Amino acid sequence: MNQEQHTEFRYFVSYSGVKLPLKLVNEITGDSLNNRNTYYRSRFDDQGRMLLCQKVVYGEVESEHQYQYYDDGVLKHAQITEDDEVREIHFNESGEML
């Protein structure tokens, strides 16, 4: 399972849906962050799969999602951190929550 991580963040205004991984929408440039109080920053692997998503509010990380995938791209594991509480969610090879 090679999930090489890009070092560059990509930035988004929001997300849609409730399923994991989050579906980020309205990509913005890093230059436009000065005009925003809240945004999402993410890193993706070489296949375009999101590995990290952080909600940033007034310059502080408010929540964070870290994702791992099976070789075929199905979500395998999500680690969600909110308010210093960490939640682990595991998925089977069909993408169903265990």
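Mentor: Contact here means heavy atoms within 4.5 Å, and the model we are discussing is a predicted one.

Trainee: Which residues does L52 touch, not counting residues up to four places away in sequence?

Mentor: L52 has its place in strand β4, which covers residues 50-57. Leaving aside residues up to four places away in sequence, the residues that L52 touches are F9, R41, S42, R43, E64, H65 and Q66.

Trainee: Is L52 buried or exposed?

Mentor: The cut-off needed for this step is that buried means under 20% relative accessible area. The relative accessible area of L52 is 11%, and L52 in strand β4 is therefore classed as buried.

Trainee: What is the order of the strands in the open sheet, and which are its edge strands?

Mentor: The open sheet has seven strands with antiparallel pairing, in the order β2-β1-β3-β4-β5-β6-β7. From one strand to the next, the twist averages 30°. Pairing on one side only is what marks the edge strands, and these are β2 (23-28) and β7 (85-90).

Trainee: How many bridges join strand β5 to strand β6, and which residue in β6 is the bridge partner of Q68?

Mentor: Strand β5, residues 60-69, runs antiparallel to strand β6, residues 75-82, and the number of bridges joining them is seven. For Q68, the bridge partner in β6 is H77.

Trainee: Why is the pair of Y15 and Y40 described by the angle of its planes as edge-to-face or stacked?

Mentor: A search of the whole structure finds four aromatic pairs. In the pair of Y15 and Y40, the ring centres are 5.6 Å apart and the planes stand at 80°. This pair links distant parts of the chain, with Y15 in strand β1 (residues 10-16) and Y40 in strand β3 (residues 38-44), 25 residues apart. Planes over 60 degrees apart count as edge-to-face, so the pair at 80° is edge-to-face.

Trainee: Which of these two tyrosines, Y15 or Y40, counts as buried?

Mentor: Y15 has a relative accessible area of 36%, and is therefore partly exposed. Y40 has a relative accessibility of 8%, so the residue that counts as buried is Y40.

Trainee: Which residue lies over the face of F9, and at what distance from the ring centre?

Mentor: F9, one of the residues that L52 touches, forms one aromatic cluster with Y11 and Y39. Elsewhere, the charged end of R10 sits over the ring of F44, 4.5 Å from its centre. Over the face of F9, the residue in question is R41, at 4.8 Å from the ring centre.

Key. Residues numbered from 1 in each chain as written. Predicted model: local features only at pLDDT ≥ 70, side-chain atom pairs only at ≥ 80, totals over all residues. Heavy atoms only, no water. Helix = DSSP H or I, 4+ residues; strand = E, 2+ residues; numbered from the N terminus. Buried < 20%, exposed > 50% of the residue type's maximum accessible area, 1.4 Å probe, protein only. Phe/Tyr/Trp six-rings, centres within 6.5 Å; stacked < 30°, edge-to-face > 60°. Lys NZ or Arg CZ within 6 Å of the ring centre and 35° of its normal. Pairing = 2+ DSSP bridges. Axes fitted to C-alpha atoms, helices over the stretch in contact; angles between N-to-C directions.
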